[in-house]
Amino acid sequence: MADGVPTTVVWDPALLAYDMGEHPMNPVRVELTIALARELGILDRPGVRVVPAEPASEDALTRVHRPDYLDAVRHAPRDPFFAGWGLNTPDNPVFDGMHEASARICGATIAAAEAVWFGSSTRAVNVSGGLHHAMPARAAGFCVYNDPAVAIARLLDLGAQRIAYVDVDVHHGDGVQAVFYDDPRVLTVSLHETPLALFPGTGFPDETGAPGAEGTSVNVALPPGTGDGGWLRAFHAVVPSVVRAFAPQVLFTQCGADAHRLDPLADLRLSVDGQRATYLALRALADEICGGRWVATGGGGYALVEVVPRAWTHLLAVATGEPLAPGTPTPPDWRKLAAQRRPQADIPATFTDGVDPPDERWEPGTATDAVDRAILATRTAVFPLHGLDPYDPRD
């Protein structure tokens, strides 16, 4: 397999300071991911570098975010009556050190992107990142600063001409799409639960990019209840074709784990085995098209013990070399730690949900199925803009 491929994992316990308190976005999911990967020796594999995270600079942040918004983020924790900018809401409560914690997550994702761009690593991962909903002047969806957009902007400043961003979070990657909607150098592809049923209410197939950047926004809006087979069918029917046509220099992915069937905030039905298959497909795409250059972040995921640590440990294993066998047991010491952190959780014993994800392929003329209708809607909207035939399964 891919053992020994140079990989940077950006990790620092200070990243756990992005802590909204009693809130779905609990940093325990990141703590348990890193602990699980360490227990299994994934971070000690040949070619793996673990590097700390420094906060992103003001200049880096203002490539995406307005300076007055940064001032608001700094000020909000000191004012109990603060209102505006999407802050101090149930989704985005303020917390002490909010600017510094959010800037550090951006710095970690920048470090991952720079490691790949400058060639010290072929792949890089920041599981604490993926805060894809934040807008230039507004917090949204648990996200204060948009680290994928900040890191992609950094790559553009370094000279990148074509970056493909693929988002497999259950929610639409709206913030990243919005930032680059008129930039033909950035392809944004998002697979998500339909905006008719789920936050943020965007990500329809006809959102294809602004004039001058037509075809650079690609959205696959899947019906509630979609499981592994439909998800993987949709992925393979859309993502490889548009990424190949775009021919990016770097593949950047947001790997939210909230499409899982146990996630409390959404209604897709993936297994951790299906998520593992998605990560393998993303790695293969990077190997095929980008010379292996792959930057991966975490994202959503609110089954804090049951799903996220296993999903993102699979991601770290795929990025650093040999994938974990699905039947791998979770180590006893990790299970003890998980029980200490979340005593009421149903702690998983293995890395599988006991599912063998089906290898389903899309064929035209199957529009009686809701997933196939979603696939065809996306292909019809965007494939011709890339010179592809929406009805030809070879494209």
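**Questions on a predicted fold**

Guide: W85 is found in the loop between α3 (67-75) and α4 (98-118). The model is a predicted one.

Visitor: Why does W85 count as partly exposed?

Guide: The relative accessibility of W85 is 28%. Buried means under 20% and exposed means over 50%. W85 therefore counts as partly exposed, with its 28% in between.

Visitor: What is notable about the phi of W85?

Guide: Phi of W85 is near 65 degrees, which is a positive value in a residue other than glycine. F142 has a positive phi too, of about 75 degrees, and is not a glycine either.

Visitor: Where is F142 found, and why is F142 called buried?

Guide: F142 belongs to the loop between β3 and α5 (147-157). Its relative accessible area is 8%, and the cut-off for buried is under 20%. F142 is therefore buried.

Visitor: Which residues does F142 touch, not counting those up to four places away in sequence?

Guide: With that exclusion, F142 touches Y18, M20, H23, P24, M25, D91, N92, L265 and Y302. The C-alpha atoms of F142 and G86 lie 9.8 Å apart in space, with their positions 56 residues apart in sequence.

Visitor: How do you know that T33 is buried?

Guide: T33 has a relative accessible area of 0%, and buried requires under 20%. The conclusion is that T33 is buried. T33 lies in helix α1 (residues 28-39). Beyond four places in sequence, T33 touches V127, V308, P309, W312, T313 and L316.

Visitor: What makes β1 and β3 a pair of strands?

Guide: Pairing needs at least two bridges between two strands. Three bridges join β1 (residues 7-10) to β3 (residues 123-126), so the two strands pair, and they run parallel. The bridge partner of V9 in β3 is V125.

Visitor: What is the order of strands in the sheet?

Guide: The eight strands of this open sheet are ordered β2-β1-β3-β8-β7-β4-β5-β6, with parallel pairing.

Visitor: Why do β2 and β6 count as standing at the edges?

Guide: β2 (48-51) and β6 (217-222) each have a single partner strand, so one side of each lacks a neighbour in the sheet. From one strand to the next, the twist averages 15 degrees.

Visitor: Which strands does helix α7 touch?

Guide: Helix α7 (residues 228-246) packs on the sheet and touches β4 (163-167), β5 (186-193) and β6. The direction of α7 makes about 175 degrees with that of β5. Angles run from 0 to 180 degrees between N-to-C directions, so the directions of α7 and β5 are close to opposite.

Visitor: How many bridges join β5 to β6?

Guide: Six bridges join them, and the strands run parallel. Two bridges are the minimum for a pair, so β5 and β6 are paired. L191 is opposite V220 in β6.

Visitor: Why is β6 called largely enclosed?

Guide: Six of the six residues of β6 are buried, so the rest of the structure largely encloses this strand. Both faces are covered: S217, N219 and A221 are buried on one side, and V218, V220 and L222 are buried on the other. In a regular strand, side chains alternate between the two faces of the sheet.

Visitor: What joins F199 and P200?

Guide: A cis peptide bond joins them, with omega about 10 degrees. P200 has its place in the loop between β5 and β6.

Visitor: Which residues of the largest nonpolar core touch the most other members?

Guide: They are Y18, I152, W231, W294 and W312, in a core of 129 residues. I152, leaving aside neighbours within four places in sequence, is in contact with I163, Y165, V176, F180, V186 and F252.

Visitor: How does the radius of gyration of the protein chain stand against that of a compact globule?

Guide: A compact globule of 395 residues would have a radius of gyration near 21 Å, and the protein chain has 19 Å, so the value agrees. The C-alpha trace spans about 55 × 50 × 40 Å along its principal axes. Of the 395 residues, 59% count as buried. The chain exposes about 13,900 Å², of which carbon and sulfur atoms supply 51%.

Key:
Residues are numbered from 1 along each chain as its sequence is written. This is a predicted model: local features need pLDDT of at least 70, side-chain atom pairs count only at pLDDT 80 or more; totals for chains, interfaces and linings use all residues. Side-chain values use heavy atoms; hydrogens and water are left out. Helices (H or I, at least four residues) and strands (E, at least two) are DSSP runs, numbered from the N terminus. Contact means heavy atoms within 4.5 Å. The radius of gyration is taken over C-alpha atoms; the globule rule is 2.2 Å times the number of residues to the power 0.38. Buried means under 20% relative accessible area, exposed over 50%, partly exposed in between (1.4 Å probe, protein chains only). Accessible areas come from the Shrake-Rupley method with a 1.4 Å probe; for residues, only the protein chains shown count as cover. A nonpolar core is a set of buried Ala, Val, Leu, Ile, Met, Phe, Trp, Tyr and Cys residues joined through side-chain atoms within 4.5 Å.
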